[in-house]
Amino acid sequence: MVGLSGMRKRIHSFKCAFAGLRVLLREERNAQIHAGITVMVVLAGVLLRVTLLEWGMLVLCIGMV
C-alpha cells in the first residue's frame, strides 16, 4: 500500500499531468484539432451505436494518431 507521502506525490504527479494537458490544448493548434475530431468521432460512435469491437478499433486509431 502506498504511504501518505507516496499518495501525496502521486496526487501531485496527476495535478502536473493535467496542467500539462491544459497547456497542450490551449497552445498547440494540432492538439486542438485532434481533440476536436476525437470528440466528433466519439459523438458519432454514440449516435451510430457502434459495437464494443468497433469502439476498441476507434480507441486504437485515435491513440495511434
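Colleague: What pattern does the chain follow, read along the sequence?

Modeller: Going along the sequence you get α-α-α. That's 3 helices and 0 strands. Bear in mind that this is a predicted model.

Colleague: And the overall dimensions? What radius of gyration does the chain have, next to that of a compact globule of 65 residues?

Modeller: The idea is to set the chain against a globule of matching length. A compact globule of 65 residues would come out near 11 Å, whereas the chain has 16 Å. Along the principal axes, the C-alpha trace spans about 45 × 35 × 20 Å.

Colleague: How many of the residues count as buried?

Modeller: Buried here means under 20% relative accessible area. In this chain, 3% of the 65 residues count as buried. The accessible surface comes to about 5,800 Å², and 72% of that belongs to carbon and sulfur atoms.

Colleague: Which residues form a nonpolar patch on the surface?

Modeller: F14, F18, L21, L24 and L25, with about 480 Å² of accessible area together. Take L21 as an example: it sits in helix α1, which covers residues 4-27. With a relative accessible area of 43%, L21 is partly exposed.

Colleague: Now the cysteines. How many disulfides does the structure hold?

Modeller: Generally speaking, a disulfide is a covalent bond linking the sulfur atoms of two cysteines. The structure holds 0 of them.

Colleague: Are C16 and C61 buried or exposed?

Modeller: In between. C16 has 44% relative accessibility, so it counts as partly exposed. C61, at 48%, counts as partly exposed too.

Conventions
Residues numbered from 1 in each chain as written. Predicted model: local features only at pLDDT ≥ 70, side-chain atom pairs only at ≥ 80, totals over all residues. Heavy atoms only, no water. Helix = DSSP H or I, 4+ residues; strand = E, 2+ residues; numbered from the N terminus. Rg over C-alpha atoms; globule rule 2.2 N^0.38 Å. Buried < 20%, exposed > 50% of the residue type's maximum accessible area, 1.4 Å probe, protein only. Areas by Shrake-Rupley, 256 points an atom, 1.4 Å probe, with all protein chains shown as cover. Patch = residues over 30% accessible without salt bridge, like charges linked within 9 Å, V, L, I, M, F, W, Y side chains within 5 Å. Salt bridge = Lys/Arg side-chain N within 4 Å of Asp/Glu carboxyl O. Disulfide = S-S within 2.5 Å.
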